[in-house]
Each structure stands twice: as C-alpha cells, then as structure tokens.
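Subject: Structure for you to look at

Dear colleague,

I am handing over the structure below, together with some notes on what turned up when I went through it. Please read them with the sequence and the coordinates open beside you.

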Amino acid sequence: MWFPDDVWFLDELTPGQLRQRVGSLAQVAGIDRFCEEDGLARGARRFQVRTGSGLVFDVLPDRGLDLGAASFRGVPLAWISPAGHVAPGHAEHAGAGWQRTFGGGLLTTCGLDQFGAPSTDGGQDFGLHGRASSTPAQQVNAVADGRLEVTGRLRQTRLFGENLVLDRTIASGIGSRAITVTDTVTNDGFQSQPHMLLYHMNLGWPLVSPAAVLRVPGSRPVARDADAERGLDFWDRFTEPDPGFAEQVFRHDFAEAGPVEVRLENPELGLALGIRFDTRQLPGLFQWKMLGAGSYVLGVEPANCRVIAGRGAARAEGELPVLEPGESRSYSVSVEVSPTTGTP
C-alpha cells in the first residue's frame with residue numbers, strides 16, 4: 001500500500017510556494033465542520049481534519065474532544081464500534097453502561113477522576129472509564145492557516161464534589177502525517193481531588209491483522225487475569241477474528257522513565273502507526289487485545305496511573321494521583337503514520 005521511494009507532492013513545497021499553486025488552502029488541507037442529523041449522533045458536532053498528506057481524522061467536540069474515524073490514503077486506522085458516534089445525552093455512567101455508547105475511534109478520553117473497572121471509593125460509586133468522553137467541550141476553536149489546530153475545554157464538576165478542567169489542543173499541520181494531543185488538567189476547586197486519565201486509543205482492521213506486530217520497546221507485559229495469562233506468549237501478535245475470543249488486557253512496565261514509542265507495524269500494508277508519550281507524565285500503559293468478531297480491536301492506552309481496576313483499587317494500592325487546589329498537570333500524546341518494511 002505504501003511505496004517507500006515515492007515522494008508526497010507537498011514535501012517539496014514551501015508554504016509560500018504552496019499558496020502560489022492554490023486558490024485556497026482548502027484545496028489540499030483544512031478543517032470542515034459538520035453537525036450530525038441522524039440517529040443517536042443527532043445534534044453532535046464533528047470536525048473533519050485533512051492534512052494534505054493523505055491523513056484524515058475526525059475531532060468530536062461533544063465527545064470530550066475525542067478523535068473519531070481516522071484514515072491514511074484511504075486505509076482506515078481506527079476501530080469504530082457498533083454504536084459509532086453517539087451524542088453525549090445518551091451516555092450511561094452507572095456500572096459498565098459506558099459500553100453502550102462507546103464509539104471507539106482513534107482516541108476515547110477516560111477520566112477525569114476515574115478510569116478502568118467500575119469501583120467504589122469513599123462511599124461513591126464510579127462507572128467504567130469515567131465521564132470525560134461524554135462531556136461536551138466549550139470554547140471550541142479551529143484554526144487552519146498552515147497549522148491545523150482544534151482547541152477546547154472540558155469541565156467535570158459536581159456540587160460538593162470535583163471541579164476539574166481539561167484544556168486540550170489537537171494539532172497537526174499541512175503535509176503532516178502526525179497528530180499531537182496536548183492536555184492540561186487543573187483542579188479548579190478548593191479541596192484535594194483524585195485525578196485519573198487514560199488515553200484509550202483504538203486501532204482496527206486492516207492495520208490490525210495476522211500480519212501485524214505490536215512493538216513496545218523496553219517494557220515487560222503483565223497479564224491482568226487468567227484470560228490474559230493464556231495469551232502472554234502471544235501478546236504482540238494477532239489472529240483472524242474469533243467469535244469466542246475473550247478479551248486480554250496487559251500492563252506494560254518500563255525499565256526506564258522517559259519518552260517511548262509504541263508501534264503497530266503491518267508489513268503487508270507497508271504501514272506503521274506510532275504512538276509517542278512520556279512515561280514521566282503517563283507511567284501506565286495498558287494494552288487491550290480484543291480479537292472477537294465485530295470487536296476486532298487493539299487498544300493502546302497510556303495512563304497517568306498503573307492500576308486498571310478502578311479508583312478504589314488505585315487508592316488501595318497507593319497509586320491514586322491527586323491534584324491539590326489550583327494545581328495543574330500536563331500530558332502529551334502523539335500519533336504518526338509511517339512506512340514499514342520487512343516481515344514481523
């Protein structure tokens with residue numbers, strides 16, 4: 001699919017030369033705004049970003065500024081769930097209700113005070129993966145002037161409870177094959193507040209296939225449960241879809257803290273997708289391997305906490321992150337498409 005010695009036409013042009021060749025930058029790249037009008041997505045905003053390199057991706061302002069469908073030169077990169085794009089008014093937060101409106105997509109944001117399994121902490125019940133992905137963003141702005149950028153703010157608040165603010169920037173550029181998500185989370189309240197954040201990145205077919213291999217340099221995978229234990233020797237490889245497949249979850253522990261790149265490589269496509277983050281910001285990395293029929297997906301999930309069993313478990317294990325009043329923490333995750341050669 002990828003021809004390693006071909007040169008994409010934008011690579012040879014300066015911004016000034018490009019402007020001389022088009023009437024509008026929208027001829028090659030831009031951000032288009034849509035409002036859904038059918039089904040469970042009705043009324044929800046969707047921005048489609050075209051970088052001009054062949055990378056196209058959706059930003060979903062009403063789903064926590066998540067990233068939805070994504071493709072490169074016509075090849076899908078992200079897994080989309082049967083629910084697809086769902087407006088936030090249909091979200092369910094109790095127990096595992098999150099699964100009913102989980103759309104998949106390139107990024108689903110989990111947090112801001114809970115991710116992982118439903119749990120109880122301090123007498124309060126928390127549902128699967130928290131509320132961030134069903135929180136509409138405010139102050140949303142899109143810029144397409146050589147840079148391609150969407151910014152916005154989420155506020156998760158409860159009377160007598162948390163008041164957490166996430167400021168997000170989603171950035172790419174004309175001719176780019178990369179997306180960078182930069183977040184700052186602030187405790188806007190007056191009491192210490194637990195803060196859990198996980199980047200649920202969902203990769204799908206044809207990038208995920210028996211030809212693909214997952215590379216996580218410098219890590220040691222740890223199985224979550226007995227189902228994952230059975231797949232521990234094959235954690236980095238994939239089979240054909242299996243209707244009876246039981247999901248497997250692995251935690252990856254890194255020998256050293258610092259920048260890392262996780263790569264899913266598919267030599268048959270000649271395509272790789274790299275996910276970059278810094279383990280000093282995001283010390284946890286979870287891998288969700290689900291090879292069922294219709295749920296054929298690889299989740300690569302950097303997180304600010306190494307516990308996937310929910311907030312109560314994170315507190316019990318002494319690993320629950322906390323923001324003091326007025327305190328902020330920043331995170332950055334980048335995704336880039338590149339060529340790959342050879343065999344897995």
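Strand S2 and strand S3 (residues 55-60) are paired in the antiparallel sense, with 4 bridges between them; please keep in mind throughout that this is a predicted model. Within that pairing, Gln 48 has Asp 58 of S3 as its bridge partner. The hairpin that S2 and S3 make has 4 residues between the strands, and in it Gly 52 adopts a positive phi near 90°.

On its other pairing, S2 (residues 45-50) runs antiparallel to strand S1 (residues 30-35), and the two are joined by 6 bridges. Gly 30 is placed opposite Arg 50 of S2. Further along, strand S4 (residues 66-72) pairs with S5, again in the antiparallel sense, over 2 bridges, and Ser 71 finds its bridge partner in Pro 76 of S5.

Taken together, these strands belong to an open sheet of 5 strands, arranged in the order S1-S2-S3-S4-S5 with antiparallel pairing. Its edges are S1 and strand S5 (75-76), each of which has a single partner strand, so one side of each is left without a neighbour in the sheet.

There is also an open sheet made of 6 strands, whose order is S6-S14-S21-S20-S17-S16 and whose pairing is antiparallel. Here the edge strands are strand S6 (108-112) and strand S16 (219-223), each pairing on one side only. If direction is ignored, neighbouring strands of this sheet are turned against each other by 20° on average. At the S6 edge, the antiparallel pairing with strand S14 (residues 196-204) extends over 5 bridges, and Cys 110 stands opposite Leu 198 of S14.

One residue that I would like to point out separately is Glu 149, which lies in strand S10 (residues 147-157). Its side chain is joined to that of Arg 147 by a polar contact of 3.0 Å. Which residues does Glu 149 contact, once its neighbours within four places in sequence are left aside? They are Ile 31, Asn 141, Ala 142, Val 143, Thr 169, Ile 170 and Ala 171. Of these, Ile 31 falls within the residue range of S1 (residues 30-35), the strand named above as an edge of the 5-stranded sheet.

With best wishes

Key: Residues are numbered from 1 along each chain as its sequence is written. This is a predicted model: local features need pLDDT of at least 70, side-chain atom pairs count only at pLDDT 80 or more; totals for chains, interfaces and linings use all residues. Side-chain values use heavy atoms; hydrogens and water are left out. Two strands pair if DSSP finds at least two bridges between them. Axes are lines fitted to C-alpha atoms, for helices over the stretch in contact, and angles run from 0 to 180 degrees between N-to-C directions. A polar contact is a pair of N or O atoms within 3.5 Å; within protein, one must be able to donate a hydrogen and the other to accept it, and residues adjacent in sequence count only if both atoms are side-chain atoms. Contact means heavy atoms within 4.5 Å.
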